Amino acid sequence: MPYPRINNPRIKGVQIYRPFGNPLPPPLHPFISPIPLTLSPSVYGSTATPLDPHNRPSNIPAEHTHQWTVYVRGIDDTDISYWLKKVQFKLHETYPNSSRMVESPPFEVTETGWGEFEVQLKLYFVPEANEKAQTLWHPLKLHPYGPDAEAQKERRDTIVSQNYEEIIFNEPVEPFYDILTSGPPPPGRGKGAKGSKQAAAAAKKLGDRSAEIPLEESRDNPYSVRTEEAELLRLKEAIRTVEGMRRQESAVLLEKEKKLDALKREAVEREKAGQQQQSG
């Protein structure tokens with residue numbers, strides 16, 4: 001049951017975020033507390049693998065072509081259940097029990113199908129939060145796109161489609177603030193632990209509590225400081241390219257405007273000359 005708001009006042013002037021996508025740190029505004037925060041970078045998305053036509057389970061409908069999983073998880077599978085209580089996945093209405101509530105990690109749903117559709121993910125926070133559930137949308141992707149699409153189909157590659165955003169908690173209540181800034185409990189203690197191997201692995205991966213994403217990417221985690229730096233360089237190069245194109249187009253436009261003005265002057269002069277000839 002949620003904590004009564006009257007007994008847990010909100011901490012004014014404090015903003016805490018849980019990144020689900022953008023690896024950039026939060027901007028430092030005067031109203032944001034500079035206190036170091038324990039963050040759990042997380043992703044939501046899906047994986048889809050083509051079914052093997054020669055080795056497919058007999059209980060799968062004949063028209064289904066892929067097995068897919070849609071999920072919400074921590075970077076490198078770190079524990080996020082200390083602040084995220086459950087996730088509701090709303091699938092296409094043609095699926096039996098199309099609204100699936102997952103109340104413990106891993107927060108994911110696995111199914112088979114043949115078509116792409118948009119999945120609604122509703123995130124419910126721990127009772128201490130006194131926060132409303134937040135909704136995300138993810139387009140389920142089954143097929144590869146781009147120049148290597150045909151080769152990926154031939155190799156029957158798994159298609160990964162995931163997003164990375166931020167959830168911001170403005171002026172959280174004190175109990176939730178304590179949870180967010182303390183990070184996941186040690187394995188075997190508190191929410192999300194339960195002595196499981198997953199909790200132990202999550203605690204080991206967590207290491208020193210930090211608001212930073214990993215320095216280097218790993219096989220299962222494409223989000224890191226290095227990839228962020230590379231993306232920023234690509235953005236800067238793209239901005240330079242667009243700026244060069246803008247200057248080039250501006251020069252062409254200016255030249256055409258000069259030609260248009262010259263043609264207008266010439267037309268006026270011809271009109272005046274014609275009027276003079278008629279009057280003479």
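Student: What is the order of elements in the protein chain, from the N terminus on?

Tutor: The order is β-β-β-β-β-β-β-β-α-β-β-α-α-α, giving four helices and 10 strands. The elements are DSSP runs numbered from the N terminus: helices are H or I of at least four residues, and strands are E of at least two. This is a predicted model, in which local features need pLDDT of at least 70 and side-chain atom pairs count only at pLDDT 80 or more, while totals for chains, interfaces and linings use all residues. Residues are numbered from 1 along each chain as its sequence is written, and side-chain values use heavy atoms, with hydrogens and water left out.

Student: What makes β4 and β7 a pair of strands?

Tutor: Two strands pair if DSSP finds at least two bridges between them. Six bridges join β4 to β7, and the two run antiparallel, so the pairing criterion of at least two bridges is met. K86 has Y124 in β7 as its bridge partner.

Student: Which strand do six further bridges join to β7?

Tutor: That strand is β8 (residues 134-139), which runs antiparallel to β7. Here Q120 is bridged to W137 in β8.

Student: Why are P175 and F176 in helix α2 called buried?

Tutor: Buried means under 20% relative accessible area, exposed over 50%, and partly exposed in between, with a 1.4 Å probe and protein chains only. P175, F176, Y177, I179 and L180 of α2 (residues 174-182) are buried, so each lies under the 20% limit. Over the protein chain, buried residues make up 32% of the 280 residues. Just after α2, G183 has a positive phi of about 80°.

Student: What makes a set of residues a nonpolar core?

Tutor: The set must consist of buried Ala, Val, Leu, Ile, Met, Phe, Trp, Tyr and Cys residues joined through side-chain atoms within 4.5 Å. The largest such core has 32 residues, of which W68, V72, W83, L84 and F176 touch the most other members. Elements giving two or more residues to this core include β2 (42-50), β3 (66-74) and α2; β7 gives the most, with four residues.

Student: Which residues does W68 touch, not counting those up to four places away in sequence?

Tutor: Contact means heavy atoms within 4.5 Å. Among the residues that W68 touches are T47, Y95, V109, F117 and L142.

Student: Where does UniProt place the "coiled-coil region"?

Tutor: The unreviewed UniProt entry places it at residues 246-273; such annotations may be inferred rather than shown by experiment. In the model, residues 246-273 are 100% helix and 0% strand, with end C-alpha atoms 40 Å apart.
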